[in-house]
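Me: Could you give me a close look at one part of this model, namely how its interior is packed? I'd like the cut-offs spelled out along the way.

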Amino acid sequence: MLLRKVLLRGASASRLLISNKSPPASLLPLASGCTRFFSSSTQSEGPNDGFVAGQEGGDEQPAATITVDRSGLYHPPEHSHEPTTESELVKHLKGIIKMIGVWVMCLWEQMGQPKKVNLVELGPGRGTLMADLLRGTAKFKSFTDSMHIHMVECSPVLQKLQHQNLKCEKVCNADENGEKSSVTSITGSPVTWYSSLEQVPSGSPTIILAHEFYDALPIHQFQRSSRGWSEKMVDVGEDSKLRFVLSPQPTPATLYLMKRCKWATEKEVESLKQIEICPKAIDLTHTIAQRISSDGGGALIIDYGLNGVISDSLQAIRKHKFVSILDDPGSADLSAYVDFPSLKHTAEEASDNVAVHGPLTQSQLLGLLGINFRVEALLENCTDEQADSLRTGYWRLVGEGEAPFWEGPDELAPVGMGTRYLAMAIVNKKQGTPVPFQ
């Protein structure tokens with residue numbers, strides 16, 4: 001078994017040599033709840049701390065004010081992820097995860113090599129992924145000539161960074177839809193920016209990439225109460241500080257909650273004290289599935305998530321440290337696990353012309369992409385120190401939980417994320433099964 005070989009390699013060394021250029025982040029309890037769309041675990045509250053269960057809405061005053069005991073709020077366990085440093089070997093292995101360009105080319109082949117394809121990336125960040133994809137496929141001229149790149153990004157600042165990283169130099173004439181496009185000097189492909197997927201022109205085969213995009217979409221959290229499921233909200237207390245409340249009435253997101261419960265088993269729902277849903281993820285996936293159904297093509301979704309109902313996952317991170325959700329809102333990055341079964345059911349219900357493949361775990365995905373062979377080759381020509389670093393990185397990529405071989409400080413123990421990073425493909429049935437989901 002390769003994992004055993006990797007873990008045993010370098011055992012003769014007196015200790016593991018782990019790079020520790022910066023101290024580990026302090027773990028702080030996460031705050032629970034969100035104004036209509038986000039929540040996570042709460043800091044412990046005294047049993048007599050009251051809170052108001054009010055209606056949702058902007059500046060509207062609640063029709064009724066109800067004083068409720070705050071002890072009823074559920075307090076999930078704290079998250080325990082730690083930031084880590086990486087060796088060049090680990091970075092190289094992580095690069096295997098982003099063979100996304102190969103996936104796009106293979107799907108294009110399965111589609112019959114159409115002369116024009118809309119290549120869409122949702123939330124491109126700095127544009128690094130698309131730039132790498134184009135550089136990796138630049139030699140395949142028939143492929144790159146067919147690509148019309150569409151970046152779905154609403155931030156003007158990020159659009160500018162993407163424009164720079166894609167090395168866009170000039171503006172094309174307006175296309176048949178009146179849109180003006182830049183041209184990337186990497187492949188000569190036209191590049192256009194939009195603020196939503198709905199704005200991307202339809203009518204051509206479409207390939208959609210969503211890499212670590214869904215986890216940034218706003219979520220709603222519901223908690224089981226004496227009234228049934230109540231959505232967590234945010235209110236302003238008498239001390240002018242933000243606090244969590246439970247809505248006394250059904251909210252618009254309740255319709256999505258009902259749909260999510262229908263997709264889950266009775267046993268799954270009965271065991272939960274709270275549940276997270278993401279209406280925007282459901283709506284977006286519905287739009288993706290309909291676009292693929294009508295235009296052909298496929299979508300690849302890669303993100304941190306679970307293949308099951310999600311109870312609590314939202315976290316806020318500021319300067320590499322976990323902070324309370326209500327600690328200076330807007331100053332921290334928020335993310336939550338992606339509910340992959342919701343995406344799967346949504347796509348399947350949106351159209352009979354699409355097929356959903358996966359999700360595969362990161363461990364499964366890397367295995368199918370050949371990580372085991374790559375690790376074996378790397379082990380043939382590395383020092384004991386590199387082997388220690390390699391097996392630590394290998395565990396983070398394909399393992400689960402804390403590494404059993406760790407001999408260093410507990411707070412620095414590598415945590416395997418092999419089952420937390422998932423990949424799912426949604427394709428038009430005419431294209432067949434995409435790689436590596438066969």
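Reply: Here is a walk through the interior, and then the pieces around it.

First, the ground rules: this is a predicted model, where local features need pLDDT of at least 70 and side-chain atom pairs count only at pLDDT 80 or more, while totals for chains, interfaces and linings use all residues. Numbering starts from 1 along each chain as its sequence is written, and side-chain values use heavy atoms, with hydrogens and water left out.

The protein chain has 438 residues, of which 50% count as buried (under 20% relative accessible area; exposed is over 50%, partly exposed is in between, all with a 1.4 Å probe and protein chains only). Its secondary structure comes to 13 helices and 21 strands, taken as DSSP runs numbered from the N terminus, with at least four residues for a helix (H or I) and at least two for a strand (E). Among contacts (heavy atoms within 4.5 Å) between residues at least 6 apart in sequence, 73% join residues at least 24 apart.

Now the core itself. A nonpolar core here is a set of buried Ala, Val, Leu, Ile, Met, Phe, Trp, Tyr and Cys residues joined through side-chain atoms within 4.5 Å. The largest one has 36 residues, and those with the most contacts inside it are Leu 122, Leu 197, Tyr 214, Leu 284, Ile 288, Leu 343 and Ile 426. Strands E3 (117-122), E8 (206-211), E13, E18 and E21, along with helices H9 and H10, each supply at least two of its residues. H9 gives the most, with five.

Zoom in on Leu 122: leaving out residues up to four places away in sequence, Leu 122 touches Val 152, Leu 197, Ile 208, Leu 209, Ala 210, Phe 213, Leu 284 and Ile 288. Apart from this core lies another, of 34 residues, among them Trp 103, Leu 119, Phe 143 and Leu 166.

Leu 343 takes us to helix H10 (residues 340-350), where Phe 340, Pro 341, Ser 342, Leu 343, Thr 346, Ala 347 and Ala 350 are buried. An α-helix has 3.6 residues a turn, so residues three or four places apart point the same way. The buried residues of H10 pack against helices H7 (254-263) and H9 (279-295), plus strands E13 (297-306), E17 (338-339), E18 (354-361) and E21 (421-428).

Follow H7 outwards and you meet a sheet. H7 lies across strand E9 (220-225), E10 and E12, running at about 105 degrees to E12 (axes are lines fitted to C-alpha atoms, for helices over the stretch in contact, and angles run from 0 to 180 degrees between N-to-C directions). That sheet is open, with four strands in the order E11-E10-E9-E12 and antiparallel pairing; two strands pair if DSSP finds at least two bridges between them. E11 (242-246) and E12 (274-277) are the edge strands, each pairing on one side only. From one strand to the next the twist averages 35 degrees. E10 (residues 228-236) and E11 run antiparallel and are joined by five bridges, and Val 236 has Leu 242 in E11 as its bridge partner.
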